[in-house]
Amino acid sequence: MAAMHALLSAFAPIWVLTGIGYAVGRGGLLGPQAEAVLGRFVFHVAMPAALFTMVSGASPDVFGHPSMVAFVVSTAVAAGAGFVLVRRVFGRGRAEAAIGAMSSGHVNSANLGIPVAVQVLGDASFVAQVILFQVLVLSPVILTLLDSGTRGADGRRPGGGVRRLLTMPLRNPIILASLLGVAVSATGLRLPAAVTHPCDVLGAAAVPTALITLGLSLCRGPGGGGGRARRERAETAVVVAVKTLGQPLAALLVAGPLLHLPAHQLLAVVLCAALPTAQNSFIYAREYGLDTGPARDAIVASTLVSMVTLSVAAWALGP
């Protein structure tokens, strides 16, 4: 009962803020360009500020812990499966498949993982490691695939492969902010409050604004009809199954039979792997001019399903 109450408390902000975004969109309060403007604000301003603050104050020397090994393997399995299935089975391009991989393996670790970990595990130290891994490793890989797979304004694939790849950190605010945070963390610099406080304020706006933007997108409803709509529903179902079932099962197999982790660490790994898709996949798809429907639907559906899978994991593996 306590675990269920903790889960409901953690999920409440997601549903409330997404619902507010939907209501605002239905009422036309912010105008027709609200989703685009808020999405760009999250991607270019709020999220980089949040990532810089997070990474600059953390130490990225925790990835060798066996618990993280199990989580990283489960992420690789889920994201790889999502990429291959979306690309091969549903015939999507590289960029769309990258969003499918992100929807399959990038967990909602910040605004959902932290409260769940605090209530169920008693602390959020492992979730902090998961956040660092996703910021420093997973997101740059996804963004590289997106950058190489999207077409320019003239409809052609961008050229200058190596040069474009090397300059991407300077063109992508997410990666640039993360790298700056790593530099500050590695050198041990203590930034003045005049720098950190504005970043804290901006970063605090990232998650709620992203959820409002997600709610705004729900007003558009599903795109297309007939066979296309059925194909998109099937794609969403497959991605959600990989995310909510495949990833936690992979984590369980690696952390349990292979690594023989203690019960508390096993629960932490499986709980984090069972978290739903993060709203970042929707923000990235929107920023790169892709169809946001699959990412949006995966976020909403996986968040619903994960209320069950997280409860089962807490009941089966908990004390």
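In the predicted model described here, the lining of the largest cavity divides by class into six nonpolar, three polar and four charged residues. This cavity holds about 110 Å³ of space, and of the 13 residues that line it, I99, G100, E235, P294 and A295 lie nearest its centre. Helix 4, helix 11 and helix 14 each contribute at least two residues to the lining of the largest cavity, with helix 4 providing the largest share, four residues.

The search of the whole structure finds two cavities of 30 Å³ or more. The second largest cavity has a volume of about 40 Å³ and is lined by G113, V116, A117, L121, V127, L271, C272 and L275. At least two residues of this lining come from each of helix 5 and helix 12, the latter spanning residues 263–273, and helix 5 gives the most, with three residues. The lining of the second largest cavity comprises seven nonpolar residues, one polar residue and no charged residue.

These spaces are set within a protein whose secondary structure comes to 14 helices and zero strands, so that is the framework to which the helix numbers refer. Of the 319 residues in the protein, 47% are buried. Among contacts with a separation of 6 or more, 82% are accounted for by residues 24 or more positions apart. The accessible surface of the protein comes to about 14300 Å², and carbon and sulfur atoms account for 68% of that surface.The interior can be described through its nonpolar cores. In soluble globular proteins, nonpolar side chains tend to be buried together. The largest nonpolar core has 62 residues, and those with the most contacts inside it are F71, F126, L143, L146, I283 and Y284; helix 6 gives the most to this core, with eleven residues. Leaving aside its neighbours within four places in sequence, F71 is in contact with V107, F126, V130, F133, Q134, Q247, V269, C272 and A273. A second, separate core consists of five residues, among them V86, A97, V240 and A298.

Helix 13 contains I283 and Y284, both of which are among its buried residues. Seven of the eight residues of helix 13 are buried, and the helix is therefore largely enclosed by the rest of the structure. The buried residues in question are N280, S281, F282, I283, Y284, A285 and R286, and they pack against helix 2, helix 4, helix 6, helix 8, helix 10 and helix 14. Helix 13 is followed by G289, whose phi is positive, near 70°.

Two pockets were also examined. The largest pocket has a volume of about 410 Å³ and is lined by 25 residues, of which L51, M54, A110, V207 and N280 lie nearest its centre. The elements that give two or more residues to this lining are helix 2 (34–56), helix 5 (109–120), helix 6 (125–149), helix 8 (173–187), helix 10 (206–218) and helix 13 (280–287). Helix 2 gives the most to the lining of the largest pocket, with five residues. By class, the lining of the largest pocket divides into 15 nonpolar residues, ten polar residues and no charged residue. N280 thus appears in two settings, as one of the residues nearest the centre of the largest pocket and as one of the buried residues of helix 13.

The second largest pocket has a volume of about 210 Å³. Its lining is made up of 13 residues, and P248, V270, T309, V312 and A313 are those that lie nearest the centre of this pocket. Helix 11, which spans residues 226–258, and helix 14, which spans residues 293–317, each supply at least two residues of the lining of the second largest pocket, and helix 14 gives the most, with six residues. The lining of the second largest pocket has eleven nonpolar and two polar residues, and no charged residues.

Taken together, several helices recur across these features. Helix 11 and helix 14 each supply at least two residues of the lining of the second largest pocket, and each also supplies at least two residues of the lining of the largest cavity. Helix 5 is one of the elements giving two or more residues to the lining of the largest pocket, and helix 5 also gives the most to the lining of the second largest cavity. Helix 6, for its part, is among the elements that give two or more residues to the lining of the largest pocket, gives the most to the largest nonpolar core, and is one of the helices against which the buried residues of helix 13 pack.

Conventions. Residues numbered from 1 in each chain as written. Predicted model: local features only at pLDDT ≥ 70, side-chain atom pairs only at ≥ 80, totals over all residues. Heavy atoms only, no water. 1 Å grid on protein atoms, 1.4 Å probe; cavity = no way out; pocket = protein on both sides within 12 Å on 5 of 7 lines; lining within 4 Å. Points joined across faces, edges and corners; volume = space filled by probe spheres on them. Nonpolar A, V, L, I, M, F, W, Y, C, P; charged D, E, K, R; others polar. Buried < 20%, exposed > 50% of the residue type's maximum accessible area, 1.4 Å probe, protein only. Contact = heavy atoms within 4.5 Å. Areas by Shrake-Rupley, 256 points an atom, 1.4 Å probe, with all protein chains shown as cover. Core = buried A, V, L, I, M, F, W, Y, C linked by side-chain atoms within 4.5 Å.
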